Amino acid sequence: MYGMVNKAIRDYITEHYSRAEWQTALNESEAPNDDFISMQQYPDEVTISLIVAAAATLGKSVDQLLEEIGEYWISFASRSDYGPMLRASGNSLPEVLENLDALHSRLINAFPELKPPSFWCTSDESFHTNDLPEEQNSIILHYVSEREGLVFFVKGLISGLAKMLNTNCRIQHIAKKADGADHDEFLIEYSSHTE
């Protein structure tokens with residue numbers, strides 16, 4: 001993965017926990033140091049070892065930490081040089097989700113070794129729950145990646161995008177590749193915040 005991802009992990013832990021806990025996790029990981037270069041490719045094993053070591057240091061499950069970092073990723077990316085591109089991806093949660101593949105296509109120019117996941121959306125009213133207000137909508141986000149084990153990161157990304165767009169959402173993982181499905185699917189029920 002690119003150094004930008006490792007920087008986000010570092011920044012999340014130092015901002016939301018402490019520099020000391022980050023240092024402990026770094027020392028337990030396979031990363032030689034934390035001078036990550038955003039545009040440099042690092043072995044996936046380095047990133048995975050950082051997450052595993054950080055989760056152990058913080059007393060969290062790997063899945064819980066991945067979800068937290070996924071949500072943080074959106075604010076982290078928004079503050080980067082790629083923030084305008086992210087914000088230009090749409091004005092609503094469904095629009096941004098529909099444009100994720102197009103966003104990744106544009107990023108390949110800057111990150112030529114990028115191996116992005118693929119996302120697409122469908123609508124299926126049969127999943128819509130009865131306890132939602134009438135103004136609530138639902139969409140199914142389909143997710144395919146050659147990397148295993150990142151579904152909680154994706155769940156966090158969805159939450160981060162919803163926050164960025166001032167949208168309430170509830171996310172359910174309704175189809176799991178780990179359980180034999182062709183790919184992962186998330187049911188996202190959403191509505192705009194009301195003041």
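Contact here means heavy atoms within 4.5 Å. Keep that in mind for the exercises below, which all work on a predicted model.

**Exercise 1. Work out where aspartate 11 sits, whether it counts as buried or exposed, and what it touches.**

Step 1: Find the element. Aspartate 11 belongs to helix α1, residues 3–16.

Step 2: Check the accessibility. The cut-off for buried is under 20% relative accessible area. Aspartate 11 comes in at 18%, so it counts as buried.

Step 3: List the contacts. Skip the neighbours within four places in sequence, and aspartate 11 is in contact with Tyr72 and Phe76.

**Exercise 2. Lay out the open sheet and say what packs on it.**

Step 1: Get the strand order. The four strands run β1-β2-β4-β3, with antiparallel pairing.

Step 2: Pick out the edges. These are β1 (118–122) and β3 (167–175), since each pairs on one side only.

Step 3: Look at the twist. Ignoring direction, neighbouring strands are turned by 25° against each other on average.

Step 4: Add the helix. Helix α8 (residues 151–164) packs on the sheet and touches β1, β2, β3 and β4. The direction of α8 makes about 160° with that of β3.

Step 5: Zoom in on one pair. β1 and β2 (residues 137–144) are joined in the antiparallel sense over five bridges. Threonine 122 has isoleucine 140 in β2 as its bridge partner.

**Exercise 3. Track down a salt bridge partner for glutamate 185, if there is one.**

Step 1: Place the residue. Glutamate 185 is in strand β4, residues 184–192.

Step 2: Look for opposite charge. The nearest such side chain is lysine 177, 12 Å away. A salt bridge needs the nitrogen and carboxyl oxygen within 4 Å, and glutamate 185, although buried, has none.

Step 3: See what does surround it. Beyond four places in sequence, glutamate 185 touches Ile140, Leu141, His142, Gln172, His173, Ile174 and Ala175.

**Exercise 4. Describe the largest nonpolar core.**

Step 1: Take its size. The core has 54 residues.

Step 2: Find the hubs. Among those with the most contacts inside it are Trp73, Leu141, Leu161 and Phe186.

Step 3: Ask who contributes. Helix α4 (residues 62–78) supplies the largest share, eight residues.

Step 4: Follow one hub. Leucine 161 touches Ile74, Leu86, Leu93, Val96, Leu97 and Leu100, leaving out residues up to four places away in sequence.

**Exercise 5. Spot what stands out in the backbone of asparagine 166.**

Step 1: Locate asparagine 166: the loop between α8 and β3.

Step 2: Read phi. For asparagine 166 the angle is near 55°, a positive value in a residue other than glycine.

Step 3: Set the background. Most residues other than glycine have a negative phi.

Conventions: Residues numbered from 1 in each chain as written. Predicted model: local features only at pLDDT ≥ 70, side-chain atom pairs only at ≥ 80, totals over all residues. Heavy atoms only, no water. Helix = DSSP H or I, 4+ residues; strand = E, 2+ residues; numbered from the N terminus. Buried < 20%, exposed > 50% of the residue type's maximum accessible area, 1.4 Å probe, protein only. Lys, Arg positive; Asp, Glu negative; His and termini not counted. Core = buried A, V, L, I, M, F, W, Y, C linked by side-chain atoms within 4.5 Å. Pairing = 2+ DSSP bridges. Axes fitted to C-alpha atoms, helices over the stretch in contact; angles between N-to-C directions.
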